[in-house]
Amino acid sequence: MTSSAGRYFPDGAPWYQDVSSAPLDPESGRVIAFLDGVGWGSGALRIDFSIEVLQATADTPLRSFTPSDDFYEPDCDREPVPLPAGGALEGEAGYRCASDGDCHLIVEDRQRMRLFEMWRADIAGDSFRAAASRSGT
C-alpha cells in the first residue's frame, strides 16, 4: 500500500479496502428489493461530472453562512466554510445557485484536515445561504 501523502484519507481507511470478494450483508437483498419497490434509483450508474472538489489553501478565507429554510438541525454544521476564489457550485459557473439545482459545494482543506460539503449553497454578494453543511476530518 502506498503512503497516504497526496491521498484524501489516511492509510487503512475503509475507502481503500478491496471489498470485491467480501460476502454480501445478509440484509442486502431485502434492502435492494425495498429500494426498488419504492422507485429509488434508475437501475443505471449515473455520474454527475459537474461536481467539483475545490482546494482550499492556508490563505483561503472562512465564510459564515445563513441556514436556509430546509436546513437540517441537528444533523448539519454551522461552521464557517473556506471559499476558494474562482470556484463553482455543482452545475453552476460560479457560487450563485441560479438553476435551482442541488448546488453542492465541496471544499477540501488539507491545512485544517477538513472536508466541507454543502447542499443548496447559494452565494450572491454578501448573502451566503445553504440547506445543509457537513464538515469532517
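The following legends describe an overall view and several close-ups of one predicted model.

Residues are numbered from 1 along each chain as its sequence is written. Because the model is predicted, local features need pLDDT of at least 70 and side-chain atom pairs count only at pLDDT 80 or more, while totals for chains, interfaces and linings use all residues; side-chain values use heavy atoms, with hydrogens and water left out.

**View 1. The whole chain, with one helix and nine strands.** Helices (H or I, at least four residues) and strands (E, at least two) are DSSP runs, numbered from the N terminus. Along the sequence the elements follow the pattern α-β-β-β-β-β-β-β-β-β. The radius of gyration is 18 Å, well over the 14 Å that the globule rule gives for 137 residues, so the chain is more spread out than a compact globule. The radius is taken over C-alpha atoms, and the globule rule is 2.2 Å times the number of residues to the power 0.38. Along the principal axes, the C-alpha atoms fill a box of roughly 50 × 40 × 30 Å. Buried residues (under 20% relative accessible area; exposed is over 50%, partly exposed in between; 1.4 Å probe, protein chains only) make up 28% of the 137 residues. Of the contacts (heavy atoms within 4.5 Å) between residues at least 6 apart in sequence, 47% join residues at least 24 apart. The chain exposes about 9400 Å², of which carbon and sulfur atoms supply 56%; accessible areas come from the Shrake-Rupley method with a 1.4 Å probe, and for residues only the protein chains shown count as cover.

**View 2. Strand β5 (residues 105-109) and its surroundings.** Five of the five residues of β5 are buried, so the strand is largely enclosed by the rest of the structure. In a regular strand the side chains alternate between the two faces of the sheet. In β5, L105, V107 and D109 lie on one side and I106 and E108 on the other, and both faces are covered.

**View 3. Strand partners of β5.** Two strands pair if DSSP finds at least two bridges between them. Strand β1 (residues 53-55) pairs with β5 in the parallel sense over three bridges, and V53 has I106 as its bridge partner. Strand β6 (residues 114-119) runs antiparallel to β5 and is joined to it by five bridges; here I106 stands opposite E117. The hairpin of β5 and β6 has four residues between the strands, and M113 takes a positive phi near 55°.

**View 4. The environment of E108 in strand β5.** E108 counts as buried at 6% relative accessibility. Its side chain makes a polar contact of 3.0 Å with that of Q55. A polar contact is a pair of N or O atoms within 3.5 Å; within protein, one must be able to donate a hydrogen and the other to accept it, and residues adjacent in sequence count only if both atoms are side-chain atoms. Not counting residues up to four places away in sequence, E108 touches Y8, V53, L54, Q55, A56, R114 and L115.

**View 5. Three of the six salt bridges found in the whole structure.** A salt bridge is a side-chain nitrogen of Lys or Arg within 4 Å of a carboxyl oxygen of Asp or Glu. E108 is bridged to R110 with the closest N and O atoms 2.5 Å apart; R110 is partly exposed, at 35%. For D122 and R96 the closest N and O atoms are 2.6 Å apart. This pair links distant parts of the chain, 26 residues apart: D122 is in strand β7 (residues 122-124) and R96 is in the loop between β4 (81-82) and β5. E27 and R30 also form a salt bridge, at 2.6 Å; E27 is partly exposed at 38% relative accessibility and R30 is exposed at 57%.
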